[in-house]
Amino acid sequence: MRRSTLLERSVRYASLATLAVFILFPVYYMIVTSLKSQREVFRNPGLWISEPTLANYAELARSGFPRSLLNSFVVAGGATVVSLVVGVLAAYSLVCLRYRLRGTIRNALILAYLTPSALLFIPMAIIMSNLRQADTLHGLMLVYLSFTTPLATWLLMGFFSSLPPELEEQARVDGATRIQALYLVLIPLVRPGLVAVGIITFTSGWNEFLYALVLNLSPEAYTVPIAISHLISGDVYRWGEIMAGSVVASVPIMVLYYLGQRSVVDGLSTGAVKG
């Protein structure tokens, strides 16, 4: 019995170690390449660094990349905040209220999110051009709402569906309005869900490429994915700077997922017991 348990643990740990290697190797190679000079990237493309340098990061700092980083924070952060506010109200309505066509609206939400951006970027570009919002950050943020809001609403519906309806009913009996019951009773219970949905929504906006490429043409309005793509000049790939930009772009997402993990672990049931 002990031998069987030891063997199972060994297999489990070996499997986890193999999976960790496959997941972490691209990150390791990205960091290593970002610390190599352009000459060393081509002369020594291996897994080790002969002469580590921060020249690639210094070159990024002197370029317009910090501005692009700020633009991504503004656009993705703004889209996330608006999507969470609208998503909470929409998810509450679709789960807790009873009215006609509710199921149709649910299906339309998921259809809107699953519609490929390749089918929509031309109509979106025409609309933004007519509204004179092309090549602006707030115009790009409005476009991002077309996929972040359905995503946030759909995910939050699952969290609201897990709440007992008696919680809101009790708040209404105590004299609370629907809005008060939502913000004072229900939202505190779905706070872990809000954190998780916010991180997913922010990541979607942070990584978006096609809309940003089509709508924002001036370097002052570039987001991070567009700025990294412009590090390629014709057939010249500045791998050191590309990998350095990728490392910098990955840090905010890694930090968000690390911090958000603690909130999600609490779970909805813990919040309900505390309430």
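Trainee: Where is the place of Leu 184?

Mentor: Leu 184 sits in helix α9. Keep in mind that we're looking at a predicted model.

Trainee: Is Leu 184 buried or exposed, and why?

Mentor: The general idea is a cut-off: a residue is called exposed when its relative accessible area is over 50%. Leu 184 comes out at 64%, so it counts as exposed.

Trainee: Which residues join Leu 184 in a nonpolar patch on the surface?

Mentor: Val 81, Val 82, Val 85, Val 86, Leu 89, Ile 179 and Tyr 183 do, and together with Leu 184 they have about 700 Å² of accessible area. Two elements, α4 (65–96) and α9 (178–189), each give two or more residues to that patch. The top contributor is α4, with 5 residues.

Trainee: Now the inside. Which residues of the largest nonpolar core touch the most other members?

Mentor: Here you look for buried nonpolar residues joined through their side chains. This core has 19 residues, and the ones touching the most other members are Val 88, Leu 156, Phe 160, Leu 182 and Leu 194. At least two residues apiece come from α4, α7 (137–161), α9 and α10 (191–207). Again α4 supplies the largest share, here 6 residues.

Trainee: What is Val 88 in contact with, leaving aside its neighbours within four places in sequence?

Mentor: Val 88 meets Leu 156, Phe 160, Leu 182, Ile 187 and Leu 194.

Trainee: And what lies apart from that core?

Mentor: Another core, this one of 15 residues, including Ala 79, Met 124, Leu 140 and Ala 212.

Definitions and conventions. Residues are numbered from 1 along each chain as its sequence is written. This is a predicted model: local features need pLDDT of at least 70, side-chain atom pairs count only at pLDDT 80 or more; totals for chains, interfaces and linings use all residues. Side-chain values use heavy atoms; hydrogens and water are left out. Patches are made of residues with over 30% relative accessible area and no salt bridge: like charges are joined within 9 Å, nonpolar side chains (Val, Leu, Ile, Met, Phe, Trp, Tyr) within 5 Å. Accessible areas come from the Shrake-Rupley method with a 1.4 Å probe; for residues, only the protein chains shown count as cover. A salt bridge is a side-chain nitrogen of Lys or Arg within 4 Å of a carboxyl oxygen of Asp or Glu. Helices (H or I, at least four residues) and strands (E, at least two) are DSSP runs, numbered from the N terminus. Buried means under 20% relative accessible area, exposed over 50%, partly exposed in between (1.4 Å probe, protein chains only). A nonpolar core is a set of buried Ala, Val, Leu, Ile, Met, Phe, Trp, Tyr and Cys residues joined through side-chain atoms within 4.5 Å. Contact means heavy atoms within 4.5 Å.
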